[in-house]
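Biologist: I should like to go through this model with you. Could we begin with how the helices pack, and then turn to the DNA?

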Number of protein chains: 2
Amino acid sequence: METYSIKDIAKLAGVSVATVSRVINNKGKYSQQTKEKVLRIIKETNYKIDTSAQSLRTNITHTIGILVPDIENSFFANLVQKIEEKLFEKHYSTFICNTDKNEKKEKAYLTMLENKKVDGIIVISGSYRQGFTFKSSLKSIPYICIDRSPKNINETVFISSNHKQGAIDATNYLLSRHSIHPAIIMEKKNLSTSIKARLEGFKQTLDQRHIDSNVLYYSNNHSIKEFIDIHPYTDAFFAINDNLAITAIMTLKAMKIRIPEDIQVIGFDNIPSAKVIEPSLTTISQNIEEIAEVAVENILKRIQNFPNLGQQILIATHLVKRNSTY
Amino acid sequence: METYSIKDIAKLAGVSVATVSRVINNKGKYSQQTKEKVLRIIKETNYKIDTSAQSLRTNITHTIGILVPDIENSFFANLVQKIEEKLFEKHYSTFICNTDKNEKKEKAYLTMLENKKVDGIIVISGSYRQGFTFKSSLKSIPYICIDRSPKNINETVFISSNHKQGAIDATNYLLSRHSIHPAIIMEKKNLSTSIKARLEGFKQTLDQRHIDSNVLYYSNNHSIKEFIDIHPYTDAFFAINDNLAITAIMTLKAMKIRIPEDIQVIGFDNIPSAKVIEPSLTTISQNIEEIAEVAVENILKRIQNFPNLGQQILIATHLVKRNSTY
DNA sequence: ATGAAAGCGCTAACAT
DNA sequence: ATGTTAGCGCTTTCAT
């Protein structure tokens, strides 16, 4: 199969390349007749525009990069997928960059994104380095942040679930289900923007009610047993995410502790396994669809220089009641 | 921040653009001294090569497309992620194209991939249309197939788990665990290459032992109850994939049927939930790492016109024993 | 409404 | 070892 250039199309259609370009891009003036002729030839030849040439000329690639710290995480995976889907509908292609929480990889991806001249970047979470300096490298490429509070909000837009309110809802729910001594389970290392907000929501809720807030720093299953030995009155766990909730449930079951009778458990994220575990996991669900929608909308606004800088957009979560709580 | 072109670098380094290009691409001859000077300027200016221009000139994009039918499926998601990771290590970027089993989307993605002049395409599964004709559109772009038997093996490479052997292993395992009347669970619609191979492995194993092979076509949970009403002697299910296995386990438990005492269940794919469900699911695990490795290796060979056409590569599976079988 | 031509940033063939 | 230059396919300004 031969490969045609705009010159070939012009010749075959008996017009100039400028006219072909006008028709393709639906820009400038051309007669209906010319349009039909050109489009016919394009179809016949199966002509495909060369986006390298187009980008070289216009400096627009119609391509977006997504930086994601951990694509194995089902929340991130779903989010990225939804964003890609919505971007494709708007005729943008997407480079998905799984940084694996690895700074070196993140840098390599950023270089790649700059070389490929992506029109914009969506930065998702990532806490591995405090205040990672996008500024130096990304000054020229517009970007927005999801779940990562930017160093300088005035050069971007910040989008996130309302993690704090979600945690408040979770904690209040436990209390309304007669928990008197709830504890939170989290990992010591992972202190992303969103995790911090969840912790804050939990603590604040208990503070207001003058209840001690105990923190179980999970390292291995034994750390759960240990915690319960020290805090035997614990009657509920708010796990900072579903993976931790599931680990907790499995450990508690192995310890012959009944859920929810002895200890209730609530998670955060609503991952697929939450429905499958027994008892099924009560959890806080993030509105992935909405986050994706808002992210796409705002990165495109940034690209078009629409004045949306400095905005912080919080998306509501909702409680999914299942059987790990009363 | 200013943006520099190769011309600027040449001027700043006091050499010609050709020399800069040589240094950048580590091609041709240049003195150590020149190299150092050029690299220093590149670093100082934070110069980034313009891949649009490079691709326009060379017709090489260092970009690969992956066509995947359903990225929500955890097997596909992991596979795609591994492939992307390995490609990035080899300095290739990846466009992940989730076709959603939608022919129109697949076509749109293919057009995009051609416009963007990807160097190669990795086609994963997809059974939605028998013998989808890549030929017309992909004659020019090298591609390889994973889990989708190509119409013409002589223009590609076919890579897949050994699904048939996996199914044989699963079936034999059930029989070795004293199952006398195993049945297979599958969906009527989904007849991808790999699903067919699994079914074949199941049937062939039972045929050889002169055992009737019953097929439960799953449509909803009631179809499971119905099947058991009609085939009350069923003592084991081989589910064509883990999702179906998990659905079956949940339904059977709701029916107060004990697993594995009354009915054993074995799945295929080893998705994350398989560990979480109770009883945990015995399943056949695919070697995703290996498939990804082989896929990357072979698409790069195709791109370099290395003679690997017509090959069929089968990757071994392995049995993961858990508690849904004896 | 259409065409001619410059030029985006790069590579590679050719010259020195 | 280094420089000069044509040209990849496209868009866009300026003519007409």
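Biologist: At what angle do helix α6 of chain A and helix α5 of chain B cross?

Modeller: The axes of α6(A), residues 103-115, and α5(B), residues 74-89, cross at roughly 75 degrees and come within 12 Å. Axes are lines fitted to C-alpha atoms, for helices over the stretch in contact, with angles from 0 to 180 degrees between N-to-C directions. Helices (H or I, at least four residues) and strands (E, at least two) are DSSP runs, numbered from the N terminus.

Biologist: How is that arrangement described?

Modeller: The crossing angle makes α6(A) roughly perpendicular to α5(B). Angles of 65 to 115 degrees count as roughly perpendicular, under 35 as roughly parallel, over 145 as roughly antiparallel and the rest as oblique.

Biologist: Which residues of α6(A) and α5(B) meet?

Modeller: Lys105(A), Ala108(A), Tyr109(A) and Met112(A) of α6(A) meet Glu84(B), Glu85(B) and Phe88(B) of α5(B), contact meaning heavy atoms within 4.5 Å. This contact of α6(A) with α5(B) has four nonpolar, no polar and three charged residues. Here Ala, Val, Leu, Ile, Met, Phe, Trp, Tyr, Cys and Pro count as nonpolar, Asp, Glu, Lys and Arg as charged, and the others, Gly among them, as polar.

Biologist: Before we go on, what sort of model is this, and how is it numbered?

Modeller: It is a predicted model: local features need pLDDT of at least 70, side-chain atom pairs count only at pLDDT 80 or more, and totals for chains, interfaces and linings use all residues. Residues are numbered from 1 along each chain as its sequence is written, chains are lettered from A and ligands numbered from 1 in the order in which they are written, and side-chain values use heavy atoms, with hydrogens and water left out.

Biologist: Now the DNA. Which residues come nearest to strand C?

Modeller: Of the 28 residues around DNA strand C, the nearest are Arg22(A), Lys29(A), Ile6(B), Tyr47(B) and Arg57(B); a residue is near a strand if one of its heavy atoms lies within 4 Å of it.

Biologist: What share of the strand C atoms within 4 Å of the protein is sugar or phosphate?

Modeller: Sugar or phosphate makes up 60% of them, and the rest belong to bases.

Biologist: Which side chains have polar contacts with bases of strand C?

Modeller: Arg22(A) places a polar side-chain atom 2.4 Å from a base oxygen of DNA strand C. The side chain of Arg57(A) has an N or O atom 2.9 Å from a base nitrogen of DNA strand C. A polar contact is a pair of N or O atoms within 3.5 Å; within protein, one must be able to donate a hydrogen and the other to accept it, and residues adjacent in sequence count only if both atoms are side-chain atoms.

Biologist: Which element gives the most to the surface near strand C?

Modeller: That is α4(B), with five residues. The surface near DNA strand C divides into eleven nonpolar, ten polar and seven charged residues.

Biologist: And strand D: where does the protein meet its phosphates?

Modeller: A polar side-chain atom of Tyr47(A) lies 2.4 Å from a phosphate oxygen of DNA strand D. For Thr34(B), a polar side-chain atom is 2.6 Å from a phosphate oxygen of DNA strand D.

Biologist: Which element gives the most to the surface near strand D?

Modeller: There α4(A) gives the most, with five residues.
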